[in-house]
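Thank you for making the time this morning. I would like to walk you through one model, so please have the sequence and the 3D view open as I speak.

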Protein chains: 2
Amino acid sequence: MARRTKAEAAATREALLDAAEEVFLEKGVARTSLEQIARHADMTRGAIYWHFRNKADLFQAMLQRVRMPFQELVEEIGDPSLTERPLEAIRLACLKGFERLEQPRYRRVHAILIHHCEVFGDIDPLAMQNEMAEEACGALIDYCGCAARLGHLRPGLDPGVAGELLQAMLGGLFHDWLRNHERFSILERGTLLLDAQLELMRAPASG
Amino acid sequence: MARRTKAEAAATREALLDAAEEVFLEKGVARTSLEQIARHADMTRGAIYWHFRNKADLFQAMLQRVRMPFQELVEEIGDPSLTERPLEAIRLACLKGFERLEQPRYRRVHAILIHHCEVFGDIDPLAMQNEMAEEACGALIDYCGCAARLGHLRPGLDPGVAGELLQAMLGGLFHDWLRNHERFSILERGTLLLDAQLELMRAPASG
DNA sequence: CACTATCCATACAGGTGTGTATGTAAATGA
DNA sequence: TCATTTACATACACACCTGTATGGATAGTG
């Protein structure tokens, strides 16, 4: 086989990652061989072993394309007035996250991470999920604490509890949707549930 | 090897299932061979293939020992007055579920189903999770509808939304806890969050 | 215009797991 | 008590997957 140009090589690398996403999602990570991935991209295992050291390395590269920390979502909104409206910051960040998740790549990779892979090699998907959950939960609690200080939270509702409630609810919705995304739109139902929950947690209008 | 009595055979079957739980939880379902399970129970693969047709059959038998439908939890409480206090029925059923989950067998098997197995053979763990979620969500919505008719739900809160909020929150908590149960007690934090959420959803005391 | 590094395909060796076939000694039942 | 079934252990054949070694043709590079 002939050598490819740099651009072509980069393209095959992406094609291999695309193929990995699809096959991983269909068969599960453990049950798919590197040969199946290679064939699905019209390549051979030689291409995979050239671009990646092994399956774990390929897997990490696949995840690298869809990182989505909660804090970055808030920052991307870029509205400085959100500091004074922490509950609205939460709302907008979640909506932005929902929109991202409806893109096939984000949806597929997260579905693989959450539902279609086990520990393997030196990769521990549960540890990664823990990191994601910790980051999101910490940020949510921070924003709820801020909301509490501003008097935006319903009296008697502990900001820590509020943050954990939000994180649990969002996480549950996330898992449910990733299990089979055809059931409902994460954007629609997410908006509905999130608004309902925020309405419950918000301080009643005073005057 | 000598033949065992019926009681001994039943005991080895249970021992094999116990061993499967431990090894599955530690290594993941896909990465554990039947030989590893057999050795962990001081047996050989012959014993496994005698009691079960293959790994999928063994897996199903393992799940069979810990079925825990939401409706059964309510029925086990056996308090007829709960019909008139649907939110209390939800609360008590969840607490009963939390207590069950703290038993090692329930915790281990559910952790395996949720976090340590992929599709394999003719077994689809996601379909099983869907069934569990559907059953719980349906029951929760029913009870919330009942609560709404009795005026126990906060005005303006749709009972369907309330049920889905509860299911999402409980599911998220469930997943988080199963990921590493040493972090917190599901009974403690579950009670805390559930009470907080129910308090938010309950109709304010009138008179 | 060589010359080398790159980008992959192909070939090979080794390990590992599965399913089944066979052996076997004791429990069971008449 | 004796034949039969049970409850496994052992052995075997086969498939598959991984990692690496090797080959080869061209894209870059000076």
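In which loop is B:Asp42 found? B:Asp42 is found in the loop of chain B between helix H2 (34-40) and helix H3 (45-51), where helices are DSSP runs of H or I with at least four residues, strands are runs of E with at least two, and both are numbered from the N terminus.

Before going further, I should say that this is a predicted model, in which local features need pLDDT of at least 70 and side-chain atom pairs count only at pLDDT 80 or more, while totals for chains, interfaces and linings use all residues. Residues are numbered from 1 along each chain as its sequence is written, and chains are lettered from A and ligands numbered from 1 in the order in which they are written.

Coming back to B:Asp42, this residue has a positive phi of about 55 degrees although it is not a glycine. B:Asp42 is exposed, because 10 other C-beta atoms lie within 10 Å; with C-beta atoms placed from the backbone, exposed means 12 or fewer such neighbours, buried means 20 or more, and partly exposed covers what is in between. In chain A, A:Asp42 lies in the loop between helix H2 (34-40) and helix H3 (45-51), and A:Asp42 also has a positive phi, of about 55 degrees, without being a glycine.

How, then, are the chains related? Chain B can be laid on chain A by a turn of 180 degrees and a shift of 0.0 Å along the axis, with an RMSD of 0.1 Å, the copies being superposed by least squares on the C-alpha atoms of residues with pLDDT of at least 70 in both. The two copies are therefore related as by a two-fold rotation axis.

Their contact takes 34 residues from chain B and 34 residues from chain A, two residues being in contact if their C-beta atoms, placed from the backbone, lie within 7 Å. On the side of chain B that touches chain A, the largest share, 13 residues, comes from H9(B). Since 100% of the interface residues of chain B are also interface residues in chain A, the copies meet through the same surface.

Finally, please look at helix H7 (residues 104-115) of chain A, which has 12 residues. Its buried residues include A:Arg108, A:Val109 and A:His110, and the buried residues of H7(A) pack against several helices, among them helix H1 (6-27) of chain A and helix H8 (125-149) of chain B.

Notes: Expected span 1.5 Å × (residues − 1).
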